[in-house]
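Work through the exercises below with the model open. Each task is followed by a stepwise solution.

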Amino acid sequence: MLIRDVRPWGGQRSDVEVADGRIAAVRPHDPAAAPAPDSVEGRGRLLFPSFSDVHVHLDSTRIGLPFRPHTGAPGVWAMMLNDRENWRDAEVPLPERVAGTLERMIANGTTRVRTYAQVDVDCKLEKLDAVVAAKERFAGHADVEIMAFPQAGILREPGTVDVLEASLRSGATVVGGIDPCSLDKDPKGHLDVVFGLAEKYGVEVDIHLHEPGHLGVFSTDLVIERVRALDMRGKVTLSHAYELGSISESVSRRLIDAFAELDIAMATVAPSVDGQLSLADLTTAGVRVGLGEDGQRDYWSPYGNCDLLDRTWQLAFTNGFRRDDLIEMALAVATMGGASIMSHDVPRLTSIADRPGVAVGDRADLLLVDGETPTSAVMDRGKDRTVLHDGVVVADGLAVVEF
């Protein structure tokens with residue numbers, strides 16, 4: 001396959017040859033060359049790596065359904081109960097909602113997904129099964145990892161541990177935890193279960209951390225201790241971790257250095273909050289950082305639209321980025337930053353100037369999108385998009401290609 005007349009990361013007009021699912025050559029565009037039958041016409045569009053959404057809750061989606069009044073109360077437990085009271089009553093069955101949301105994500109340019117599937121004593125494996133079905137349906141369009149997520153905590157409700165373990169025998173490849181101190185109020189017991197299951201089943205760990213300030217740092221230090229003691233380098237992600245940068249510069253530096261040393265990744269959803277660790281500092285330290293959309297118009301929030309380019313704009317905006325190099329760094333995080341969390345064959349970003357994913361040898365998971373420059377693409381979020389996964393066109397014009 002030849003992708004004609006594209007501008008990799010906003011550079012010179014080029015023709016990109018793809019073979020065996022990887023980029024085989026990048027040459028200056030030859031306008032006189034006759035297009036081959038299987039060529040993709042770039043028409044001068046920008047070429048980026050496709051997006052990697054490493055924090056999305058496909059299991060709670062209401063994408064495509066009518067808007068409804070938000071009924072959740074503040075706090076993780078209250079919001080979880082709101083979801084529990086409503087998710088079965090949606091206008092469309094859950095498997096159809098999950099598959100439709102994943103399809104829309106692919107159409108917008110996301111070909112790598114780490115999604116959460118809530119498992120608890122209420123839904124048991126019902127949400128997990130819906131996510132597994134969507135993963136299988138779009139196996140040729142996107143790589144999907146599934147995290148078994150104890151949204152309601154692990155220790156509060158008897159039987160949760162059994163359901164969590166069952167999920168790891170039923171398609172989940174990552175085991176989750178959430179707020180070890182504030183939700184279960186037993187950080188040792190909570191983390192014993194999470195890391196014990198990770199060791200038993202050889203899976204990775206992803207901890208949702210909403211805990212504020214010093215409490216969040218305390219839980220993070222417990223995670224760091226376990227990663228070091230169990231030699232789980234490269235197998236743990238912290239999601240959210242909103243306030244780890246709120247204590248002091250020395251604490252922030254210590255945590256960033258520990259994350260880099262132990263290869264502990266971070267997933268952000270670009271929240272509008274103070275106290276986050278610096279995205280630029282994390283990147284230059286070599287910490288794997290990825291972006292996600294979190295919930296998608298669900299019972300937790302009306303936000304989310306399956307477009308990670310929109311969320312990249314939000315990442316740049318909430319961080320106050322104006323310089324082109326920083327906005328492009330946000331785009332690198334949203335694409336190859338997340339890819340490096342899902343596959344350690346993908347190198348970490350180590351500089352705000354890194355622009356990976358479109359060179360010879362790189363996997364041909366690619367996005368063509370209209371725009372003048374990478375920054376303008378983030379600002380304008382054009383809709384003239386073509387999406388490739390493993391060198392195959394899987395979406396064009398915001399529609400998934402069926403095969």
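**Exercise 1.** In which sense do strand β2 (residues 14-19) and β3 pair, and over how many bridges?

*Solution.* β2 and β3 pair in the antiparallel sense, over 6 bridges. Strands here are DSSP E runs of at least two residues, numbered from the N terminus; two of them pair if DSSP finds at least two bridges between them. Next, take one bridge: V18 has I23 in β3 as its partner. The model is predicted, with local features needing pLDDT of at least 70 and side-chain atom pairs pLDDT 80 or more, while totals for chains, interfaces and linings use all residues. Residues are numbered from 1 along each chain as its sequence is written, and side-chain values use heavy atoms, without hydrogens and water.

**Exercise 2.** Give the strand order of the open sheet of 8 strands, then find its edges.

*Solution.* The order reads β3-β2-β1-β4-β13-β14-β15-β16, with mixed pairing. The edges are β3 (22-28) and β16 (399-400); each has a single partner strand, so one side of each lacks a neighbour in the sheet.

**Exercise 3.** Where does the second largest pocket lie with respect to domain 1 and domain 2, and why?

*Solution.* Start with the volume: about 350 Å³. Of 20 lining residues, R112, M336, D345, V346 and R363 are the closest to the centre. (A pocket is an open set of points on a 1 Å grid over the protein atoms alone, where a 1.4 Å probe fits, with protein on both sides within 12 Å along at least five of seven lines; lining residues have an atom within 4 Å of a point. The volume is the space filled by probe spheres set on the points, which are joined across faces, edges and corners.) Now assign the lining: domain 1 (2-49 + 357-400) and domain 2 (51-342) both contribute residues, so the pocket lies between them. The domain bounds come from an automatic or database assignment.

Definitions and conventions. Helix = DSSP H or I, 4+ residues; strand = E, 2+ residues; numbered from the N terminus.
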